[in-house]
Amino acid sequence: MKIAVYSDADGIWVAWSDYRFTAAPAEQTGWHGSWHPVTIPGSFPGYWSEEAVCAMNRIASHADVTIKWLTAWEEGAPEQLAPTVGLNGIWEMIPGVEEDDIAHWNWWKLAKIREDVARNRPDKI
């Protein structure tokens, strides 16, 4: 069985809650384990959840699962973000931020997911 998991970065692996001024967003997210401050060059300071990362690493460890990035970070996600927060596995990068056109209802992430599903035909997403 082929399973595709699509993931953004901001707000998921780096919570937009500036650790310099605010507490970790455990109550808002439901991830109540350890939260760690993170600053990656070129990124807004935030937090990452150890519990969320461990959960995704368990999912990514399954042989039938392919994790795919859809993020404005593009190559920065696998090269900078993943090693910084401890995301394991090989995550495929789906580029396309330059195709974003919200004014014409073309949200690039949704368009790229649709293209990828049509091309790769996963059993589950």
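This note covers the cores, one buried lysine and the largest pocket of a predicted model.

1. **Main core.** The largest nonpolar core has 22 residues. Trp13, Trp69, Leu81, Leu87 and Trp91 touch the most other members. Four elements each supply at least two residues of this core: helix H2 (50-60), strand S4 (65-69), helix H3 (76-85) and strand S5 (91-93).

2. **Trp13.** Set aside the neighbours within four places in sequence, and Trp13 still has a long contact list. Ser7 and Asp8 are on it, as are Tyr47, Trp48, Ala52, Val53 and Met56. Trp69, Leu81, Val85, Leu87 and Trp91 complete the list.

3. **Second core.** Another core lies apart from the largest one. This core has five residues, including Ala4, Leu70, Ile94 and Trp108.

4. **Lys112.** Is this lysine, Lys112, buried or exposed? Lys112 counts as buried because its relative accessibility is 12%, under the 20% cut-off. Lys112 sits in helix H4, residues 108-120. Beyond neighbours within four places in sequence, Lys112 contacts Leu70, Ile94, Pro95, Gly96 and Glu99. Leu70 and Ile94 are also members of the five-residue core.

5. **Largest pocket.** The space in the largest pocket is about 150 Å³. Its lining consists of Gly11, Ile12, Trp13, Ala15, Thr29, Trp31, Trp35, Ser49, Ala52, Ala55, Met56 and Ile59. H2 gives the largest share of that lining, four residues. By type, the lining has nine nonpolar residues, three polar and no charged.

6. **Overlap.** Trp13 appears in both pictures. It lines the largest pocket and belongs to the largest nonpolar core. Ala52 and Met56, two of its contacts, line the pocket as well.

Technical notes
Residues are numbered from 1 along each chain as its sequence is written. This is a predicted model: local features need pLDDT of at least 70, side-chain atom pairs count only at pLDDT 80 or more; totals for chains, interfaces and linings use all residues. Side-chain values use heavy atoms; hydrogens and water are left out. A nonpolar core is a set of buried Ala, Val, Leu, Ile, Met, Phe, Trp, Tyr and Cys residues joined through side-chain atoms within 4.5 Å. Buried means under 20% relative accessible area, exposed over 50%, partly exposed in between (1.4 Å probe, protein chains only). Contact means heavy atoms within 4.5 Å. On a 1 Å grid over the protein atoms alone, a cavity is a set of points where a 1.4 Å probe fits but cannot get out, and a pocket is an open set with protein on both sides within 12 Å along at least five of seven lines; lining residues have an atom within 4 Å of a point. Grid points are joined across faces, edges and corners, and a volume is the space filled by probe spheres set on the points. Ala, Val, Leu, Ile, Met, Phe, Trp, Tyr, Cys and Pro count as nonpolar, Asp, Glu, Lys and Arg as charged, and the others, Gly among them, as polar.
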